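Here are a few exercises to work through at your own pace. Have a look at the sequence and the structure, try each task, and then compare your reasoning with the solution.

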Amino acid sequence: MGLRNVLARIAVTRCHVFVAEGYAGAGSRMAVERWIADKGWVEALSPGDADILCICGEVPDDQKDAVERLWDQLPGPRSRIVIAGPEHAGRALDGCVEELLDVDEQFRLEAERTATEPEQDDDGGSDDGDGDTHADMDHEGMNHDGGKDEGSGAAQMNMDHGGMSHEGVDHGGMEMPMPGGIGLAGEGKDRDGLDLDALKVPLGPYLPLWPAGLVLHCELQGDIVLAARTEYAFGRGEELPIGGPSGTERAALVRQSDLVSRLLALAGAAREAAKVRGVRDAALDGAALDECRRSLAASGTRLRRNWLLRRTLQGIGPIPQGGAPGEPGGTDAWDRLLAMLDATVAGTAGAGGVPLGLLPDLVRGVEVSVVRLVVASLDLSPQPAPAVDGRAR
Amino acid sequence: MTPGAVQQLPAWGPLAALAALAVVALSGAMVNDVLAARFSGRRGGGFAPIAEAARLLRQRRRSTVAADELLRRVGVAGLTVAAALKVAVLPVGAWVVSDLAVGLVWFNAMDVLVWAFVWLAGWGQNSVFPLVGGYRFLALALAYELPLMFALTAPAVAAGSLRMGDIVAAQEGLWFVVWMPVAFVVFLAAVLAFSLQRPFTAPMSADITGGVTSELSGVDRFLVLTGRYSLLSAGAGFAVALFLGGGSGPLLPDWLWFLGKTVVLLWLLVALRRRIPQLRPEQLMAPAWVVGLPVILLQVLVVAVVTINGRSS
C-alpha cells in the first residue's frame, strides 16, 4: 500500500480537471480556471484525460444523463464536484484532492466499476457488442436516423468517448456488420459532388473553449463540415454582476477578455492567451480598470505584430457586408479579435451577440479547426432568452 | 569510408543509450515545465513531469468501443520505439550502438515510421477526434518530409557517406552548420514537426479535444507523451551529429561534449517552440513546398558544388 500512497501524493500535485460549464456557470468556471493555474494543475481537454469532473453552474434535469456520461469517461481514480459559485471553487477542489488521495476507497470504487461493466455487457445477449447498453447509448448520435434519445446524444462532446472496455473485456464486434453496435456512417455528397461517408457529430455543449450550452450538430465528411445546425442545450440568463459600483463595466471587460483568451488559445497562441486571461483574473480581483485596459492594449499591439497568428485567423469565417443590423458585416476572425480587444480597451465593449442563424452558413464546407475558430470569434455566450429547448422532442 | 571512425558498444550499449535518451528527454520535459511555471508566476515546476508520470501510472487504462486494439497499441507505443531505434545509430562521441553503413537512411526510415504510428494511434481508437488528429498529422508529414529528406542529403553529400560516424568525422575542420545553415534550420523545423511540437501540434490540439491523445489515459497517454519528448531529444542529438560537429570540443571527453550540445540544443528547442503559435494543418503545405523545397535544393546544390571542387583540387 505504501507505493500506492506515494504515487497518489505525487499525482495530486498535478490534477487534470475537466470543466463542464452549465447554466450561468461562467463565474465559477473562471474561478476554477484560476485555481488550476495557480496550483500548476492542468485543464483537461477531454474527460478521458481528467481526474476531476468539475461542473460549474446549474445543469438542467434533462442534461443529467449527459453529465453521467462525461463522468463515465473519466478513467479513474476520479472525483466529481459541482461548483455553485466562484467563492466555493478552492474549497471544493481541495475536497476532490482529498477524495483522490483516499487510495483504499478509490481502489474499491474502481474494482466495483470494473466488476459491474462486464455484467452489463452480458445482460443484453450473447453478442457483446450489441448487448452493451453503454455502447448503444454512447453512439446514439452516430446513427444516421438520429436515434431515439436525441437530447442526450447531442449533449455529448464526442459520442465516441463513451463506452469503455477494460482489460479483459473485449468488444470484439469486428466481424459483425455493425462493430460494437454502432450504426455505420451514412453517405452524402462532398464539395466536389462525390459520395463520401457523412458522420453526425455534435460539438458541445460541454466542450472546453466553447460557448457553454451551444450545440452545433455537424455532419462531417472526414474533417470537413458538410452541414450544421445550432441549438442551445440550456437557456442562458444575464451574467451575474461582478464587483461594486463599476460592476457592469467590469463585467464587460471580464467577459470580453475571456472571449479573447479563448480565441487565442484555440488559435494556438497559448502565451498570449495566458496573458489576456491574467488580465481577466486581475479584473475579477478588483484591479483598477485602467490598468487592465493598458495591459489589453499592450496585448493588442503585440498581436498585430504576430504574423503567424494573423495568417491563422485572417480570412476565417468572413461575414458578408450588409447583413442584419448588429452583425459585424465585412469582418473575418482576425478583424473580430482585434475589434474585441480595441472595444474593450476603449470601454465600449458589450455589443450584442451575433444572431445564431449566421453560424451554419459560416461553418459549411470548412475544416473542424476553422469551425472552432469561427465559433470562438463570435460572442455566442450572452443569449438572454433561452433559445431552442434542449430536448428536441 | 572509414568504418573504424566510431566504436560499437558491447551488449550493454542499447541499455546505456536508452537510459541516456530517457534522461535527456526528462530534462527537456522539466525545462518545459519550469518555463511554464515561471511564465505563470509560480516557482518550481521541474517536478511536474514526475508528477504527471505518477498520475498516469496510477490511472486506469480505458479504451473506446470497437477500438482496433492491436493497431492502437502499436501506434501508441511506436513513438517511443521509433525514438529509441533512431538513437541506435547515433554516435555519442566515439561510441555508437550500431555502426550501420546506412545510418542516415535508417534515421529517415524511422522518421517515416512515425507517420504510421501517429496515424495508427488515431485510427485504432475508432473515434472522431483522434481520427481527425491522425489525418492532420499525415497532412503535416507530407509537407515536412521532403524538405527534411533534402536537408539530410546535404551532410551526406559533403561527407561522401551515409554512415553517421563518417559524417561526424568529416566535420573535424569545420562544422557543417557553418556552411549549411539552411539545411540546419530546415532540419530543426522538421525535428519539431516529427516530434509533434509547436507549431506542428495540430494533430493533438485543443480544437479537437486533444486529437490523437483525446481518448488515451493511463499508460497509453504516458507512452505518447514520452514518445514526443524522446523524438525531440533524438532529433536534437542528430542535429548535433549532422551539423554541430558531434562530440568535437576541447578538454572534455567527446561523449560529454556530445551530450552537452544535445541537451543545450534540446532546451533551446523547448524554449523556442513555446513562443511559436500553432499552425493550422492546411497551412504548412504551401510554405514548405513553395519556399522550403527550392531553398533546401539550392543548399544541396551549393554543398555538392563545393564538395566536388574540394575533391578535385
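## Exercise 1: Backbone details in loops

In chain B, B:Pro199 lies in the loop that connects helix H8 (181-194) with helix H9 (218-243). This is a predicted model, so keep that in mind as you go.

Task: Find out what the peptide bond from B:Arg198 to B:Pro199 looks like, and describe the setting of A:Leu209 and B:Leu251.

Solution:
1. Begin with the proline: the bond leading from B:Arg198 into B:Pro199 is cis, and its omega is near 0 degrees.
2. Turn to A:Leu209, which sits in the loop between E6 and strand E7 (214-221) of chain A. Its phi is near 60 degrees, a positive value in a residue other than glycine.
3. B:Leu251 is placed in the loop between H9 and helix H10 (254-275) of chain B. Here phi is near 65 degrees, again positive in a non-glycine residue.
4. Now count neighbours. A:Leu209 has 19 C-beta neighbours inside 10 Å and therefore counts as partly exposed, since buried would take 20 or more. B:Leu251 has 6 such neighbours, so it counts as exposed.

## Exercise 2: A strand and its sheet

Task: Work out the strand order of the open four-stranded sheet in chain A, and decide whether strand E1 is enclosed or open to the outside.

Solution:
1. Look for the partners of E1(A). With strand E2 (residues 42-43) of chain A it pairs in the parallel sense over two bridges; with strand E3 (residues 52-56) of chain A it runs parallel, joined by five bridges.
2. Check individual positions. A:His16 stands opposite A:Val42 in E2(A). A:Val17 faces A:Glu43 in E2(A) and A:Ile52 in E3(A).
3. Put the order together: E2-E1-E3-E4 of chain A, with parallel pairing. E2 and strand E4 (79-83) of chain A are at the edges with a single partner strand each, so one side of each has no neighbour in the sheet.
4. Follow the connection: E1(A), helix H2 (residues 26-39) of chain A and E2(A) form a right-handed β-α-β unit.
5. Look at the side chains of E1(A). A:His16, A:Phe18 and A:Ala20 point one way, A:Val17, A:Val19 and A:Glu21 the other, and all are buried. With six of its six residues (16-21) buried, E1 of chain A is largely enclosed by the rest of the structure.

## Exercise 3: The two sides of a helix

Task: Which residues of helix H3 (residues 64-73) of chain A are buried, and where do they lie around the axis?

Solution:
1. The buried residues of H3(A) are A:Ala66, A:Arg69, A:Leu70 and A:Gln73. They span an arc of only 105 degrees around the axis, which puts them on the same side of H3(A).
2. Recall that an α-helix has 3.6 residues a turn, so residues three or four places apart point the same way.
3. The face turned away from the buried side of H3(A) carries A:Lys64 and A:Glu68, which are exposed.

## Exercise 4: Confidence

Task: Where in chain A does pLDDT stay under 50?

Solution:
1. Chain A averages a pLDDT of 74, and chain B averages 89.
2. In chain A, pLDDT stays under 50 over residues 119-176. It is also below 50 over residues 382-393.
3. Where pLDDT is low, the predicted coordinates should not be read in detail.

Note on methods:
Residues numbered from 1 in each chain as written. Chains lettered and ligands numbered in written order. Predicted model: local features only at pLDDT ≥ 70, side-chain atom pairs only at ≥ 80, totals over all residues. Buried ≥ 20, exposed ≤ 12 C-beta atoms within 10 Å, placed from the backbone. Pairing = 2+ DSSP bridges. Right-handed = clockwise from strand over helix to strand, strands pointing away. Arc of directions from axis to C-beta. pLDDT = per-residue confidence, 0-100. Contact = placed C-beta atoms within 7 Å.
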